[in-house]
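Let's take a walk through this one together. Have the viewer open and follow along as we go.

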Number of protein chains: 2
Amino acid sequence: MVCGYADLMGGSITIAFDVMGSDHGPMEVVRGAAHLSLEAPHIHALLVGRRGAIDEALAQVRHNGERISVHHAPDFVEMGEKPMEGLSAKPMSSIAVAARLVAEGEADALVAPGNTGAAILAAAQSFKLIPGVRRAALAAVYPTRARHGTKLDPFSLILDVGATLEATPEDLVTFAVMGSTYARIISRNPKPSVALLSNGTEPNKGPANVVEAHRRLNGMKELQFIGNVEGVGIPLGSADVVVCDGFVGNVCLKMLEGVHETVVELARYAYRSKLTWRVGLAMLSSGIRQVQAVTDWQQYGGAPVLGFDRVLIKAHGRSRARAIANAGKVAAKAVAADLPRAIAEGLRS
Amino acid sequence: MVCGYADLMGGSITIAFDVMGSDHGPMEVVRGAAHLSLEAPHIHALLVGRRGAIDEALAQVRHNGERISVHHAPDFVEMGEKPMEGLSAKPMSSIAVAARLVAEGEADALVAPGNTGAAILAAAQSFKLIPGVRRAALAAVYPTRARHGTKLDPFSLILDVGATLEATPEDLVTFAVMGSTYARIISRNPKPSVALLSNGTEPNKGPANVVEAHRRLNGMKELQFIGNVEGVGIPLGSADVVVCDGFVGNVCLKMLEGVHETVVELARYAYRSKLTWRVGLAMLSSGIRQVQAVTDWQQYGGAPVLGFDRVLIKAHGRSRARAIANAGKVAAKAVAADLPRAIAEGLRS
């Protein structure tokens, strides 16, 4: 495990937060770190961004100053900016500086709520890929109908959701190992079931890369490979880990978001339009919340970027303080269990 | 336009129905045709399958015998059978016989509620591809939040959803033209908006085939091409026609089915478990129906197979009589407007 500020802090885990570039500006990220400083004594937050903005935000929120440090970065890559261009033009952007601090051991992990492409690219520039990994994957946790693991979590993991648009059979196998390792460590699910997303459950269904990945995964006894799942299995939660290329995964994840928006919109409409509907909605509120939970992947916004030798959690750009704090806790858990080493071991076996 | 029985029937349109192989057996298909014989004087139904089973079903249901004929086919391809093997082993299967009857002009169009792969393969064996079409596409109508066309239909069309797993840029362009033509003719939408499904709205987003298709579609002024949509745009109905390869389309369509099952299941659970929930549900019932309509693509189960010189409507295997009758009406509408010729013209321009 890498140590840096962590050593100074007496064994705590240091998480670097890219404070800039999220949808809500620095305040929500700083508030998230402030929460952590009060409730998570094992975590030290290293806030990376414009010192003036960070200090101003910190002054407004209760926090434990001993568990928060600030590292100044004058620039940042904006949400709509092209990742490659943004990073080239701004070598001192907060995401680039934060990734370098983690690579140099000044922090143990990185939480990034800003531009997704820039976060992955900054990681690719500063971190190393784990031996055996050709391409990193962005994995998303999303809520399902079925419950998973010993904690009966109503979540599954889907990867890749956008880092690697076209995946080789080797990539898909790597994603399966990485996703399974993450679910085992973070969701405390000792034997996560892993499935390939395809257009049919038979082993010969799907494009050539999926069929070949199926054949290889079948031979890997250390994985709980349950074969193919179809699209219907995604919201149902038929597998703990769903493996696909980044193009398909991205479309699926955003579709869940669209369905959620539709459900929320209809609920709002029902609330506004009729008294009987409003009463009905109140009576049904816990049922509605269940539907929303199943469709709202965003509330659990922390998406791990898997495949690098350092831990990177991509928080959703719309994350509020609570989601940021949760992302910090997940990052600390991944560091404590040495996720990158566990993935490397999984790939060797 | 092809004529056959139609000539004998004084200008009516003859639709061949593959009566066998659907989930509910011959009865529902026969009942659907019986409805049509009573309410749609312009349609003649040619029922293809085991004469004994069909006659038995007809005897149980009110119908107009002048608008129904029967063509005996001794075999059928079952739902779970492999299409290629099933068709090779059973040259006299109902789907193969029905496709040949349409190709020979004995009927004007084919409605097939059985094995999807077998229906497309039987069409490929008996029909011709329209000049300029390399691969046929299966298109699905699904309900959306937005409303479309002059009739303000709450439906969009997505294609391909499983006929062509890996699509070239040419295929995607062909799908765009075919889908647009179908929406124009069947949904009475004079200028349907057409979008490519991708992982971002920018023209350079997506795998190479999507980026190249985007470039070509941009140059086609006769199409209302609105660029890329992301997954979120599918349930929202951001475009009248969504174009993608068959693998992605199949996963998306089945995901909508999974979300629907989840919503229905939660509603059932709410209904069973608490009196306040039950009352709330009753009060909200029209709101719930709206959510269900948005997620239940099955109730509008007729999926056109586009690209052949003959009209083929794939009805869902779970179709009840009403859905079968609707599929027959859609097929007749496509024949009356000469959909294959309209597609050929669209591809030439």
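How many of the 349 residues of chain A count as buried, as a percentage? The figure is 61%. Keep in mind that this is a predicted model, so the numbers here are computed from it.

Start with the overall make-up of chain A. Its secondary structure comes to 14 helices and eleven strands. Now look at who touches whom: if you take the contacts in chain A between residues at least 6 apart in sequence, 74% of them join residues at least 24 apart.

Next, zoom in on strand S4 of chain A, which covers residues 109–112. Side chains alternate here: A:Ala109 and A:Val111 point one way, while A:Leu110 and A:Ala112 point the other way. Whichever way they point, all four of these residues are buried.

What does S4(A) pair with? One partner is strand S1 of chain A, residues 13–18, and the two run parallel with three bridges between them. To find a spot where they meet, go to A:Ile15, whose bridge partner in S4(A) is A:Ala109. Another partner is strand S11 of chain A, residues 311–314, again in the parallel sense, this time over four bridges. Here A:Val111 stands opposite A:Ile313.

Now hop over to chain B and find strand S4 there, residues 109–112. B:Ala109 and B:Val111 point one way, B:Leu110 and B:Ala112 the other, and all are buried. Strand S1 of chain B, residues 13–18, runs parallel to S4(B) and is joined to it by three bridges; across this pairing, B:Ala16 stands opposite B:Leu110. Four bridges join S4(B) to strand S11 of chain B, residues 311–314, also in parallel. In that pairing, B:Ala112 has B:Lys314 as its bridge partner.

Stay in chain B and pick out B:Ala327, which sits in helix H13, residues 321–336. Why does B:Ala327 count as buried? It has 29 C-beta neighbours inside 10 Å, and the cut-off for being buried is 20 or more.

Which residues does B:Ala327 touch, leaving aside those up to four places away in sequence? The list is B:Val111, B:Gly302, B:Ile313, B:Ala315 and B:Ser319. You have already met the strand that holds B:Val111, namely S4(B), and B:Ile313 falls within the residue range of S11(B). For a sense of distance, try B:Arg147: it is 180 residues from B:Ala327 along the chain, and their C-alpha atoms are separated by 21 Å.

Notes:
Residues are numbered from 1 along each chain as its sequence is written. Chains are lettered from A and ligands numbered from 1 in the order in which they are written. This is a predicted model: local features need pLDDT of at least 70, side-chain atom pairs count only at pLDDT 80 or more; totals for chains, interfaces and linings use all residues. A residue is buried if 20 or more other C-beta atoms lie within 10 Å of its own, exposed if 12 or fewer, and partly exposed in between; C-beta atoms are placed from the backbone. Two residues are in contact if their C-beta atoms, placed from the backbone, lie within 7 Å. Two strands pair if DSSP finds at least two bridges between them.
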